[in-house]
Amino acid sequence: LYFCEDAEFDSGVHARDATGHFYTIVDGMDYSSEATGLAFSPDNKFMYISYQQAGLIFEIKRLDGYPFGAHRLDIKYHAH
């Protein structure tokens, strides 16, 4: 599950996997604006996100070539 965090600080895109682990995909700490407009290309290989007040739109592609939602993610999980 991918979702946007629309806080004044630390807004970005986060995810929670099927086992309940939480991790950050995009950390927008340089933008004091709401992360919004989360969308994916039809093949899930591109993620799109915008920062509302900054007027920025980003296209993100995984470096490993896998689509978003693939079973394999090479990331660090947040410790709780």
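Three strands of this predicted model make up an open sheet, ordered β1-β2-β3, with antiparallel pairing. Here strands are DSSP runs of E at least two residues long, numbered from the N terminus, and two strands pair if DSSP finds at least two bridges between them. The edges of the sheet are held by β1 (2-5) and β3 (22-27); each has a single partner strand, so one side of each lacks a neighbour in the sheet. From one strand to the next, the twist averages 30 degrees, with axes fitted as lines to C-alpha atoms and angles running from 0 to 180 degrees between N-to-C directions. Five bridges join β2 (residues 12-16) and β3 in the antiparallel sense. Alanine 15 has tyrosine 23 in β3 as its bridge partner.

The numbering of residues starts from 1 along each chain as its sequence is written. Local features need pLDDT of at least 70, side-chain atom pairs count only at pLDDT 80 or more, and totals for chains, interfaces and linings use all residues, while side-chain values rest on heavy atoms, without hydrogens and water.

Turning to the charged residues, arginine 62 lies in the segment after β6 (56-61). With 10% relative accessibility, arginine 62 counts as buried (under 20% relative accessible area, against over 50% for exposed and in between for partly exposed; 1.4 Å probe, protein chains only). One salt bridge is counted, defined as a side-chain nitrogen of Lys or Arg within 4 Å of a carboxyl oxygen of Asp or Glu. Arginine 62 forms a salt bridge with aspartate 64, and their closest N and O atoms are 2.6 Å apart. Aspartate 64, at 34% relative accessibility, is partly exposed. The side chain of arginine 62 also reaches the backbone oxygen of proline 67 at 3.1 Å.

Definitions and conventions
Helices (H or I, at least four residues) and strands (E, at least two) are DSSP runs, numbered from the N terminus. A polar contact is a pair of N or O atoms within 3.5 Å; within protein, one must be able to donate a hydrogen and the other to accept it, and residues adjacent in sequence count only if both atoms are side-chain atoms.
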